[in-house]
Amino acid sequence: MAYLSDDELLDTEGGFTGWDAGAEETLEQALAEERLAELENELEQDEHPIDYEAELEDEEEEAAPVSDKRLKREMRAEAIRRLEEAARTEKDFRAVVEEWNKLDRNRERRERDHENLRGDVPLEYQAVPEPKLIPRWMNNPTYRQLMAGNFLDILFDCPYEMHNLTADSFISRMVEELSEEHKEVLYFLSLRLYSTTRLAAVRGQSDRNIRKLRKTIHKKLQRQMYDHLCGKQEHGGSLTLRERQFLEEYSKIARKQGKDAVIRRENKTKRRKKKNHP
C-alpha cells in the first residue's frame with residue numbers, strides 16, 4: 001500500500017496557499033469562541049429547557065377528528081395564506097416576508113437547541129478543491145447512507161420493491177398489487193422522473209401508449225385512495241390537509257367524469273402563440 005508523503009498530504013499547491021501563522025491563530029481563536037458559545041448554549045438548555053413535545057399531538061389527539069393543536073397550525077397557515085393573497089403594496093409584501101422570516105427563526109431556534117451548528121468560521125476557504133484522502137463523491141447522500149448502514153432505501157429502489165419505501169400500509173399494499181407493467185411505468189415516471197418520450201424509447205413503445213398507461217395507473221390509484229379516505233372519514237379518522245384537498249378536488253372531477261375521473265398533472269408551460277404568416 002502506497003502512503004502519501006507530508007507534502008502530498010498538505011497539498012500546498014492544491015489549496016493551502018497563503019496559510020501562515022497569523023491565519024492559524026485567527027482560526028484557533030474563532031474555534032475557541034465557537035466552543036465557548038456551544039458551552040453557553042448547553043448551559044442555557046440545562047437551566048431553561050424548552051418542551052417542544054408540548055406542541056405535538058399525542059395518540060388521542062391524532063385519532064380525534066378535531067384537535068386544538070391542529071387547529072392552531074391550520075389557523076396559522078391560513079392566516080399567512082390570506083396575508084399573501086391580500087398583499088398589494090411593497091409594505092404588505094414586506095410584512096409577508098417578515099412572517100416567513102419569523103417562522104424560519106423559530107425553526108432555526110429549535111434546531112440550535114438540539115445541535116450545535118457551526119458559526120461563521122471560514123474553514124472551507126482554504127480547503128483543497130479535490131482532496132486525496134476523502135474525495136467529494138464520498139459526500140454523496142446515497143453513499144453516506146450506505147456507509148452508515150441505512151441500505152434499505154437502496155435495496156428497495158426498483159419497480160418490484162418500491163412499495164417498501166413508504167410506511168403507509170395502505171399505499172404500500174396498493175402499489176404492490178399493481179401489475180408488473182404498471183409497476184415499471186410508475187417507477188420510472190414517478191421515482192426516476194423519466195419523461196414519457198424517454199420511457200417510450202426504453203420500452204420500445206410509442207409516447208402515446210406510455211401516456212395512456214400513465215392515465216390508467218393514476219385513475220386506478222386515485223380511485224382506491226378516494227374510497228379509502230372516504231371510509232376513513234366516515235369512521236371519524238382525521239385527515240391531513242393534503243388528503244382533504246385531494247378529496248375535494250377528486251370529488252369535483254368525479255361529478256363530471258364518473259368512474260373515469262382522474263386528476264391530471266398541471267401543464268404549466270404556456271402554449272406557443274401561432275405566428276400570423278403574411
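The following exchange concerns the nonpolar core, a buried lysine and the salt bridges of a predicted model.

Residues are numbered from 1 along each chain as its sequence is written, and side-chain values use heavy atoms, with hydrogens and water left out. Because the model is predicted, local features need pLDDT of at least 70 and side-chain atom pairs count only at pLDDT 80 or more, while totals for chains, interfaces and linings use all residues.

Reader: Which helix gives the most to the largest nonpolar core?
Author: A nonpolar core is a set of buried Ala, Val, Leu, Ile, Met, Phe, Trp, Tyr and Cys residues joined through side-chain atoms within 4.5 Å; buried means under 20% relative accessible area, exposed over 50%, and partly exposed in between (1.4 Å probe, protein chains only). The largest such core has 28 residues, of which L186, F246 and Y250 touch the most other members. Helices (DSSP runs of H or I, at least four residues, numbered from the N terminus) that each supply at least two residues of this core include α8 (169–176), α9 (180–191) and α12 (241–257). With seven residues, the helix that gives the most is α11.

Reader: Which side chain of opposite charge is nearest to K183?
Author: K183 is placed in helix α9, and its contacts (heavy atoms within 4.5 Å), not counting residues up to four places away in sequence, include P159, Y160 and M162. For charge, Lys and Arg count as positive and Asp and Glu as negative, with His and the chain ends not counted. A salt bridge is a side-chain nitrogen of Lys or Arg within 4 Å of a carboxyl oxygen of Asp or Glu. K183 is buried yet has no salt bridge, and the nearest side chain of opposite charge, 6.1 Å away, is that of E176.

Reader: Which residues are linked with R81 in a network of salt bridges?
Author: R81 forms a salt bridge with E78, the closest N and O atoms being 2.3 Å apart, and another with E85 at 2.6 Å, N to O. E78 and R81 lie three residues apart in helix α4 (residues 68–86), whereas E85 and R81 lie four residues apart in that helix. The network links R81 with E78, R82 and E85.

Reader: How far apart are the closest N and O atoms of D227 and R223?
Author: Both residues lie in helix α11, four residues apart, about one turn of the helix. D227 is partly exposed at 40% relative accessible area, and R223 is partly exposed at 32%. Their side chains form a salt bridge, with the closest N and O atoms apart by 3.7 Å.
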